[in-house]
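Below is a short set of questions and answers on one chain. Each answer is to be read alongside the sequence and the model.

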Amino acid sequence: MNKLEEEYEEIHPRIYAFFYSKTGNRMTAQDLCQDTFYEACKNIGSFNGHSTLSTWVFSIATNLLKKYYRKNKYQQSLMQKLAEIPETEIHSLEELAEINEDTKILLHHISKLDDASREIILLRIYGELSFAEIGILIGKSENYARVTFHRLKLKIQKLMEVTL
């Protein structure tokens, strides 16, 4: 339990960012984050040390997110979930237009990826997980996660260059 408490401060922002990127809703992300740590505390005895603590917590988070989707019959597209930008970060109308356009194009390209590829991108960017941790979560090797992410990043960059 002490190990979980020590790592909470480091893991919490990454778990929140993961949920926020998946749901697009701050309150839902906070609720799911809280549920994740509740489940982690409740089941810390089942942590066997075969993976890192953060990987174990992310697997709990992934399972809770799946339950959330099933429970709420989640039907929104990735574009709708992630397109909201807090107004406090916008300084001018021109910035808003530029950010919205770039974000829409990027999210459009990400949304066209298959589920497994999209998961790798989101776990790496928003979850800030290592490739080893991503590999464990998706049931593949660290090298597979690294190479796939790199290829996807290059693919999206090339599509962005063509689009912009």
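Q: Does Asn43 count as buried, partly exposed or exposed, and why?
A: This is a predicted model. Asn43 lies in the loop that links helix H2 (26-42) to helix H3 (53-72). Buried would need under 20% relative accessible area and exposed over 50%. At 31% relative accessibility, Asn43 falls in between and therefore counts as partly exposed.

Q: What distance separates the C-alpha atoms of Asn43 and Ile60?
A: Asn43 belongs to the loop between H2 and H3. Along the chain, Asn43 and Ile60 are 17 residues apart, and the separation of their C-alpha atoms is 9.9 Å.

Q: How many helices and how many strands does the chain have?
A: Read along the sequence, the pattern is α-α-α-α-α-α-α-α. The count is eight helices and zero strands.

Q: Which span should helix H8 (residues 142-163) have, and what is the distance between its end C-alpha atoms?
A: H8 has 22 residues, and the expected rise is 1.5 Å a residue. The expected span is 1.5 Å times one less than the number of residues, which gives 32 Å for H8. The distance between the end C-alpha atoms agrees with this, at 31 Å.

Q: Which residues of H8 are buried, and how wide an arc do they cover around the axis?
A: The buried residues of H8 are Ala145, Thr148, Phe149, Leu152, Ile156 and Met160. Their arc puts them on the same side of H8, because it covers only 105°.

Q: Which residues are exposed on the other side of H8?
A: An α-helix has 3.6 residues a turn, so residues three or four places apart point the same way. Opposite the buried side of H8, the exposed residues are Arg151, Lys158, Glu161 and Val162.

Q: Which helix gives the most residues to the largest nonpolar core?
A: This core has 32 residues, of which Ile15, Phe18, Phe19, Trp56, Val57 and Ile121 touch the most other members. At least two residues each come from helix H1 (2-23), H2, H3, helix H5 (93-111), helix H6 (115-125), helix H7 (131-138) and H8. With eight residues, the helix that gives the most is H3.

Q: Which residues is Phe18 in contact with, leaving aside neighbours within four places in sequence?
A: Phe18 is one of the core residues that touch the most other members. Its contacts beyond those neighbours are Phe58, Ala61, Thr62, Leu65, Glu119, Leu123, Tyr126 and Gly127.

Notes:
Residues are numbered from 1 along each chain as its sequence is written. This is a predicted model: local features need pLDDT of at least 70, side-chain atom pairs count only at pLDDT 80 or more; totals for chains, interfaces and linings use all residues. Side-chain values use heavy atoms; hydrogens and water are left out. Helices (H or I, at least four residues) and strands (E, at least two) are DSSP runs, numbered from the N terminus. Buried means under 20% relative accessible area, exposed over 50%, partly exposed in between (1.4 Å probe, protein chains only). The arc is that of the directions from the helix axis to the C-beta atoms. A nonpolar core is a set of buried Ala, Val, Leu, Ile, Met, Phe, Trp, Tyr and Cys residues joined through side-chain atoms within 4.5 Å. Contact means heavy atoms within 4.5 Å.
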